[in-house]
Amino acid sequence: MLDLTVLLDDTDDVAKRLATKGTDESVVFAARDAVLARRAARKELDDLRAEMNRRSKEVGRLMSTDPEAGKKVRAELAELKVRLTERESATREAEAHERELMLGLPNLPSPHAPVGTDEDANVILGYRGGEAVPNPGARPHWEIATELNIFDPERAAKLSGSGFSLLRGDGARLLRALTQFGLDLHRDEYEELFVPHFVREDTMIGTGHLPKFKDDAYNTTLDNLWAIPTGEVPLTALHRDEVLDSADLPLKYMTCTACFRREAGSAGKDTRGMQRLHEFQKVELVHLCLPEQLDEQFEVLLANAEKSLRALELPYRVVDLCTGDLTFSSARIHDLEVYSPGVDKWLEVSSVGSFTDFQARRSNIRYRPEAGRTAPVCTLNGSAVATPRLWAALIEHGQRPDGTVVLPEVLHPYLGKATLEANRRR
């Protein structure tokens, strides 16, 4: 949620900056007006309550000294109670309207983010991890893995429909190896948590996934719990409604979870094989820090996300997302994209994002400085290992003419072998 002071004092600037993320300026001014209306309604309510208190005390005094005057004030009190009830209702409506509009405003983009309307304006910061050489003879991972019988899309569709995967034998072990590798790689720097996969609505609101992305999320109708789209959600909300000691920051957490996404509107967009799924495993990293630590922690998080790709010996590039391609809650994002020779495309495997104090304001996560009032922390997150596309990239980069797949050395201890071979079981 945006800082109300910034919204009220610099409305024109907020509207201009949010326009680069595709937000109509009328929405910004409507939110500002809703804040002012709520404040006015609250002042009227507080003034009316003060008047009620004053008159109530006056009645007690007058009834003993001037009963007729006391009766008159008592009648006025009855009218004030009616007005108070009406004003309380109006204030609740003003508060609800303000909340609705404020929750609909995205985070301000960082002044360092490239300005642009879509991915065409993204800036490639560099190519790393080796040369990405197009290979016309490279086969896509779904062909290789299906022939090895380690990927079974037909049975996945039979069980759950399109957009789900079923891995067998070495395919399943490779996925498990990736998640264990990701957790082991960062165990000395991050506290590992095992978190719930279903969370309350307020938890999803706190990270900005609701109400904006309601259609992309899975919801349990009986108890209104939401399946998490990423481990970012429970990790960020871990300290919701808490005040942290500034000396404890930054805090660094990691978790491995299943991630659930309906992917509304993604039909036909890189959906074959393991490229885009409704359910997948991911190792997520989250930082909570002081505002003055934000830039440094962004670089630390980016380096840690890259560490996985370097160890897996995959060619990748770093992309600075333009304002129009940023997510709702983010101020700055660097995407890590791995080259996929089987489809001759760069596929995003991690988004390292800075969310400034936006999520903390929505989740009421604050810190207590050595002097002064409490203030919201800043949050960051990024994927250490997002299994579907990394799994696919390893299959495509490791493919050999005989149909086997050679894995990078760092994974050998996790699988007990260097090469994936055909799964003979049915």
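How do strand β7 and strand β8 pair, and over how many bridges? Some notes on this predicted model, starting there.

1. Strands β7 (residues 251-260) and β8 (residues 279-289) run antiparallel to each other, with ten bridges between them. One of the bridge pairs puts A258 opposite Q281 of β8.

2. Zooming out, the sheet is open and has eight strands, ordered β1-β9-β10-β11-β14-β8-β7-β2, and the pairing is mixed. At the edges sit β1 (123-128) and β2 (191-193), each pairing on one side only. On average, neighbouring strands are turned by 25° against each other, ignoring direction.

3. Two helices to look at against this sheet: α7 (residues 170-185) lies across β2, β7, β8 and β14, at about 10° to β8. Helix α10 (residues 294-311) lies across β1, β7, β8, β9, β10, β11 and β14, at about 5° to β14.

4. Now rotate to α12 (residues 387-397), which is mostly covered, with ten of its eleven residues buried. Among them are R389 and E396, so don't expect just greasy side chains there.5. T387 belongs to α12. It counts as buried because its relative accessibility is 0%. Its side chain reaches the backbone oxygen of Q281 at 2.7 Å. Leaving aside neighbours within four places in sequence, T387 also touches L175, L178 and T179.

6. On to the cores. The largest nonpolar core has 52 residues, and L174, L178, L390 and W391 have the most contacts inside it. Beyond four places in sequence, L174 touches W391, L394, I395, L407, L411, L415 and L420. A second, separate core has 26 residues, including V35, L105, L108 and F328.

Technical notes: Residues are numbered from 1 along each chain as its sequence is written. This is a predicted model: local features need pLDDT of at least 70, side-chain atom pairs count only at pLDDT 80 or more; totals for chains, interfaces and linings use all residues. Side-chain values use heavy atoms; hydrogens and water are left out. A nonpolar core is a set of buried Ala, Val, Leu, Ile, Met, Phe, Trp, Tyr and Cys residues joined through side-chain atoms within 4.5 Å. Buried means under 20% relative accessible area, exposed over 50%, partly exposed in between (1.4 Å probe, protein chains only). Contact means heavy atoms within 4.5 Å. Helices (H or I, at least four residues) and strands (E, at least two) are DSSP runs, numbered from the N terminus. A polar contact is a pair of N or O atoms within 3.5 Å; within protein, one must be able to donate a hydrogen and the other to accept it, and residues adjacent in sequence count only if both atoms are side-chain atoms. Two strands pair if DSSP finds at least two bridges between them. Axes are lines fitted to C-alpha atoms, for helices over the stretch in contact, and angles run from 0 to 180 degrees between N-to-C directions.
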